[in-house]
Amino acid sequence: MSQLPPHITATGKKRPASAERTPVYALVGNPNCGKSTLFNALTGLKQKVGNYPGVTVEKKIGETYSQHGKPIKIIDLPGAYSLAARSPDEAVTRDVLLGRRTDTPQPDRILCIVDATNLERNLYLVHQILDLGRPVILVVNMMDLAKVSGLEVRIGRLEQELGIPVIACEAVNGKGIVDLKLAMSRVDLPLARHSWDVPAAVASAVAELQASLTDNDRRPPLVARAEALLLLTDFDTVRVAGSTPLSGKTTEILAHWQRHWEGEGTDWAGSLVASRYDAIAGLCSGIVQQAGVTGPSASDKIDAVVIHPLWGWLVLGGVMTLLFLSIFTFAEIPMNWIDGHIAALATWVKDVMAPGDLRDLLTDGVISGVGGVLVFLPQILILFFFIGLLENTGYMARAAFIMDRLMSRVGLNGKSFIPLLSSYACAIPGIMATRTIEDPKDRLVTILVAPLMSCSARLPVYLLMIAALLPGDAVPVLTKVGIMLLMYVIGTVGAFGFAWLFKRTLLKGAPPMMIMELPPYRLPRLRDVLFQMTERAGLFLKRAGTIILGISIVLWFLTAYPKHPVPDATATQQIAHSFAGRAGHLIEPLIKPLGFDWRVGIGLITSFAAREVFVSSMGVIFGVEGSGDQTTPLRDALRHATWPGGAALFTPLVCLTLMVYYVFAMQCVSTVAVVKRETNGWKWPLFQIAYMTGTAWVVCFIIYQTGHALGY
Amino acid sequence: MSASLKLSSLALGMSARVKDFPRTGNTFIRLREMGLLPGTTVTFIRAAPLGDPLEFKLRGYHLTLRREEAEQITIEA
């Protein structure tokens, strides 16, 4: 593999070629420097999102056009502070740039984006990338914010010093995009004027490693040197699936030098980092000028309130309240709208089609199953929007900063807070939001416990049980709220308890780092946040949608077959006769110690599609037609339900036990589908089902048996 | 012989130059790569409402750090 792309000669001139393939640019930069905004501005909606095979890191490829109308491919690599990777995201960025991934060819050219308001740290990554010897275009973004804080960045001078094109940008306003596209369209891009002195202590090590990388790992010369330098700061390097490992010889040389330096006490890694920063500081001294003394910035003033020892809590509480309000009230209207339309669709199918199995499959299987999930779409969209807004404005980092101390008590990091909080509404956006957690173990633990935070789908179950549990017609609001709160508390305690347990045992690891940047507050473009929301919702629908459809059909089949011998049997009789009914009988011995009978068993099984299906299943089983929002007829039916011997089935104790079962048990196939996607396999979702349902059984057993013994 | 001043003891709003800190471990290499090096000037902005982590300003941006890490970083008096 030659060092330069095949159509560019060593002097940078274009070689005439009969057919050129589409040039591939990699877009790299620190987190929070507006990279996504730039990517969106360049590619518009022409983006493709997927996963890097074997890793749960998002792969984003988009297309833009040169000034001649030729297509240009851009890979949006995950944000990174350094090529010495400390997280799977950074590992992928490093591997793609070094050409270590067989599924992604090494990019031809690199677009480095930096934040004008803190150039020095941003240039560290650029400095490493310049080692690679690829054509680089530097984009200095957020020039507007720099100007506001009195910072002057001499773009022309920077271009002179580095020898590569430097474009000033305000991606959020679209300024500089045209100039950038012009630069990207250039047929020949100069290579950077980049030479820096490697500290003497490590120079011979670098040379040896470089030689080995060239000979044994078949790296092109410049990449070999860049990689040699990287390996010397790559402590406990993060390796991810899909990247080609180093040859044994190279690893040996590295280990030998590391032992040597450790014996000598040489600060090899630190000296390399320091010499890079020295070079950067020298560069910046002539480039960046701070006009006069500046007072606190707008961000500082906001933070004085947001992270205030007192007001900070109020702000956090306000954000949380807004989150829940939006889920429970704002979503209500669209949810009812969708519900109504789905019901109308089902009615239309019933009218239009001849009665029979196919019609039933469509109405009771497909439409009802998928419809049940679609109804939650407004909530999910709102959550994604909200989380996106929190991320892009910078508040998310503040929330993590405030909650970190509490989170670290259970071995987690403040970044788990927002994902867990969102799970109170629905675990799915919460689990998808765990992508911001760098440490894979912490991320996994957060994903595993997220469903324990009582999601809103459990509410119909709680409400039904509370109605059945309390005597009389009217339920005092305070009691209702009190019991619900109890369920939420139990779930939360369970989540944190298991997080602590997992971090101590199964997923034991070093306590997570809390080295985090607090970016300045920014007002994101509404367009970008909406785009991100639809992108994530689309992903969820695509992945989970197929699984949900499948399970809905299976469940319909289980309740509809075998057919009751009597042709006009009621729904109640049919379901009792079906596979589901038999399954209910089958598991009855298992759930009897919890106070449940086979009819409740059917409900537990059908809840696997979605928790709220329990209510409609109970309606069918107890012969209550289409109860809808009115729980009264169903509640009465439940109160009158008895065991074969005549004893009441839904005693207050059983109602309580059932609620607690729903707090802990893993149901909801949509969540399973998302966990499978986010953990890249079935191992963890299956483990999650096992530990959650197992815990549900044990806890309910204790509650029921103790209560029973006490005479309830 | 006074014990060396630690970053964690820096007063609110005050600045100091970093003297030295551990050379090994993921955390400390990453800190260096983020620009916190011996010789860098750092300002202590605030502690989180619960007392930990701590927020510092360096090289034009804000960085958070746990108290136990800041305790291993010495600063010049």
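Which residue forms a salt bridge with Lys59(A), and how far apart are the closest N and O atoms? The legends below take up this question and others for a predicted model.

**View 1. A salt bridge within chain A joins Asp103(A) and Lys59(A).**
The partner of Lys59(A) is Asp103(A), and the closest N and O atoms of the two are 3.8 Å apart. This pair links distant parts of the chain, for the two residues are 44 residues apart. Asp103(A) belongs to the loop between helix H2 (88-98) and E5 of chain A, whereas Lys59(A) belongs to strand E3 of chain A. Over all chains, the structure holds 28 salt bridges.

**View 2. Seven strands of chain A form an open sheet.**
The strands follow the order E2-E3-E4-E1-E5-E6-E8 (chain A), and their pairing is mixed. Strand E2 (47-51) and strand E8 (166-168) of chain A stand at the edges; each has a single partner strand, so one side of each is left without a neighbour in the sheet. On average, neighbouring strands of this sheet are turned by 25 degrees against each other, direction ignored. Helix H1 (residues 35-43) of chain A packs on the sheet and touches several of its strands, including strand E1 (24-29) and strand E5 (109-115) of chain A. The direction of this helix makes about 40 degrees with that of E3(A).

**View 3. Strand pairs in the sheet of chain A run in the antiparallel or the parallel sense.**
E2(A) and E3(A) are paired in the antiparallel sense, over five bridges. Within this pair, Asn51(A) has Glu58(A) in E3(A) as its bridge partner. The hairpin of E2(A) and E3(A) has six residues between the strands, and there Gly54(A) takes a positive phi near 90 degrees. In the parallel sense, strand E6 (residues 136-141) of chain A pairs with E8(A) over three bridges. Here Val166(A) in E8(A) is the bridge partner of Leu138(A).

**View 4. Chain B and chain A meet in an interface.**
The contact takes 44 residues from chain A and 32 residues from chain B. Between them the two chains bury about 3300 Å², with 60% of it on carbon and sulfur atoms. Three salt bridges are counted between chain B and chain A. In one salt bridge, the side chains of Arg30(B) and Glu90(A) meet at 2.8 Å, N to O. Across the interface, twelve residue pairs are in polar contact. On the side of chain B that touches chain A, at least two residues each come from helix H1 (26-33), strand E3 (41-47), strand E4 (54-58) and strand E5 (61-65) of chain B. H1(B) gives the largest share of that side, seven residues. By class, the side of chain B that touches chain A has 13 nonpolar, nine polar and ten charged residues.

**View 5. An open sheet contains strands of both chains.**
Which strand of chain A takes part in this sheet of seven strands? The order is E10(A)-E5(B)-E4(B)-E3(B)-E2(B)-E6(B)-E1(B), with antiparallel pairing, and E10(A) is thus the strand from chain A. Strand E10 (residues 516-518) of chain A pairs with E5(B) over three bridges in the antiparallel sense. In this pair, Met516(A) stands opposite Thr64(B). Helix H16 (residues 395-409) of chain A lies across E10 of chain A together with E3, E4 and E5 of chain B, and runs at about 125 degrees to E10(A).

**View 6. E1(B) and strand E6 (residues 74-75) of chain B pair in the antiparallel sense.**
The two strands are joined over two bridges. The bridge partner of Lys6(B) is Thr74(B), in E6(B).

**View 7. Two loops hold a cis peptide bond and a positive phi.**
Most residues other than glycine have a negative phi, and most peptide bonds are trans. A cis peptide bond, however, joins Asp52(B) and Pro53(B), with omega about -5 degrees. Pro53(B) is in the loop between E3 and E4 of chain B. Asn680(A) is not a glycine, yet has a positive phi of about 60 degrees. Asn680(A) is in the loop between helix H29 (669-679) and helix H30 (683-709) of chain A.

How values were computed. Residues numbered from 1 in each chain as written. Chains lettered and ligands numbered in written order. Predicted model: local features only at pLDDT ≥ 70, side-chain atom pairs only at ≥ 80, totals over all residues. Heavy atoms only, no water. Contact = heavy atoms within 4.5 Å. Buried area = accessible area lost by both parts, 1.4 Å probe. Salt bridge = Lys/Arg side-chain N within 4 Å of Asp/Glu carboxyl O. Polar contact = N/O pair within 3.5 Å; in protein donor to acceptor, adjacent residues only side chain to side chain. Helix = DSSP H or I, 4+ residues; strand = E, 2+ residues; numbered from the N terminus. Nonpolar A, V, L, I, M, F, W, Y, C, P; charged D, E, K, R; others polar. Pairing = 2+ DSSP bridges. Axes fitted to C-alpha atoms, helices over the stretch in contact; angles between N-to-C directions.
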